[in-house]
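Q: I'd like a close look at one part of this protein and at what surrounds it. Please start with a single residue and build the picture outwards from there.

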Amino acid sequence: MARSNTRRMNLLRDEFLAEGRKQSESDDPEVRDLSECWLCKMPIDYVADPHSTDDSHNLDHYFIVRDYPELEEDVGNFRHAHRLCNLNRGTKSPSLGLGTAVADWW
Ligand SMILES: [Zn+2]
């Protein structure tokens with residue numbers, strides 16, 4: 001999948017990661033929820049470097065970049081995800097019941 005790798009996108013990615021990391025350390029469970037993987041609802045390993053392990057942080061796009069390239073740098077389209085969940089999702093739409101269908105991915 002072709003993706004622009006601009007300096008701006010890298011900055012947005014860093015900020016999004018920092019935000020998620022901060023949320024994951026919050027005392028408020030509702031804030032912590034925001035930092036969890038939006039695909040499987042499990043906590044993300046924010047200690048690991050992004051993209052370094054299956055549980056590490058990945059910036060996912062709610063509307064996939066292939067179909068909505070204009071939303072690639074739209075922070076409202078960003079979602080926190082596990083690297084592995086993002087990989088498994090591929091280009092599938094979230095409306096297909098992902099999260100309950102984990103077993104079907106394998
Ligand atoms: Zn996940």
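**From one lysine to its surroundings**

A: Let's begin with lysine 22, which counts as partly exposed because 13 C-beta neighbours lie inside 10 Å. A residue would need 12 or fewer to be exposed and 20 or more to be buried, so lysine 22, with its 13, falls in between. Please keep in mind that this is a predicted model. Lysine 22 sits in helix α1. Its C-alpha is 8.2 Å from that of serine 35, although the two residues are 13 apart in sequence.

Now look at the whole of this helix. α1 covers residues 7–24, which makes 18 residues. From the first C-alpha to the last it reaches 26 Å, close to the 26 Å expected at 1.5 Å a residue. Which residues of α1 are buried? They are Leu17, Gly20 and Ser24. These residues lie on the same side of α1, because they cover an arc of only 65° around the axis. The general rule behind such a pattern is that an α-helix has 3.6 residues a turn, so residues three or four places apart point the same way.

Turn the helix around and you meet the other face. Away from the buried side, α1 carries the exposed residues Arg7, Arg8, Leu11, Asp14, Glu15 and Ala18.

What do the buried residues of α1 pack against? Their partners are α2 (29–34), β1 (57–61) and β2 (78–82). To place these elements, follow the protein chain from its N terminus: the order is α-α-β-β-α. That makes three helices and two strands.

The two strands deserve a closer look. β1 and β2 pair in the antiparallel sense, over five bridges. Within this pairing, histidine 57 has histidine 82 of β2 as its bridge partner, and asparagine 58 stands opposite alanine 81 in β2. Both strands are mostly covered: β1 has four of its five residues buried, and four of the five in β2 are buried as well. For the protein chain as a whole, 19% of the 106 residues count as buried.

Alanine 81 also leads us to the nonpolar core. The largest one has seven residues: Cys37, Trp38, Leu39, Ile44, Tyr46, Ala81 and Cys85. A general tendency fits here: in soluble globular proteins, nonpolar side chains tend to be buried together. From this core, take cysteine 37 and leave aside residues up to four places away in sequence. Cysteine 37 then touches Met42, Ile44, His80, Ala81, His82 and Cys85. Another cysteine, cysteine 40, has its C-alpha 8.2 Å from that of alanine 81, with their positions 41 residues apart along the chain. Cysteine 40 belongs to the loop between α2 and β1 and counts as partly exposed, because it has 18 C-beta neighbours inside 10 Å. Links across the sequence show up in the overall count too: among contacts with a separation of 6 or more, 53% join residues 24 or more positions apart.

The loop between α2 and β1 holds two further residues to look at. Lysine 41 is in this loop, and its phi is positive, about 65°, although it is not a glycine. Histidine 51 is in the loop between α2 and β1 too, with a positive phi near 70°. As a general rule, most residues other than glycine have a negative phi. Are these two residues buried or exposed? Lysine 41 is exposed, because it has 10 C-beta neighbours inside 10 Å. Histidine 51 is exposed as well, with 11 other C-beta atoms within 10 Å.

Finally, how confident is the prediction? The mean pLDDT of the protein chain is 86, and 81% of the residues reach 70 or more. Over residues 96–106, however, the pLDDT is below 50, and this stretch has eight contacts in the model beyond near neighbours in sequence. Among the helices and strands, β2 has the highest confidence, at 97, while helix α3 (residues 83–89) has the lowest, at a mean of 93.

To return to our starting point: lysine 22 is part of α1, a helix whose buried residues pack against α2, β1 and β2.

Key: Residues are numbered from 1 along each chain as its sequence is written. This is a predicted model: local features need pLDDT of at least 70, side-chain atom pairs count only at pLDDT 80 or more; totals for chains, interfaces and linings use all residues. Two residues are in contact if their C-beta atoms, placed from the backbone, lie within 7 Å. The expected span of a helix is 1.5 Å times one less than its number of residues. The arc is that of the directions from the helix axis to the C-beta atoms. Two strands pair if DSSP finds at least two bridges between them. A nonpolar core is a set of buried Ala, Val, Leu, Ile, Met, Phe, Trp, Tyr and Cys residues joined through C-beta atoms within 7 Å. pLDDT is the predictor's confidence in each residue, from 0 to 100.
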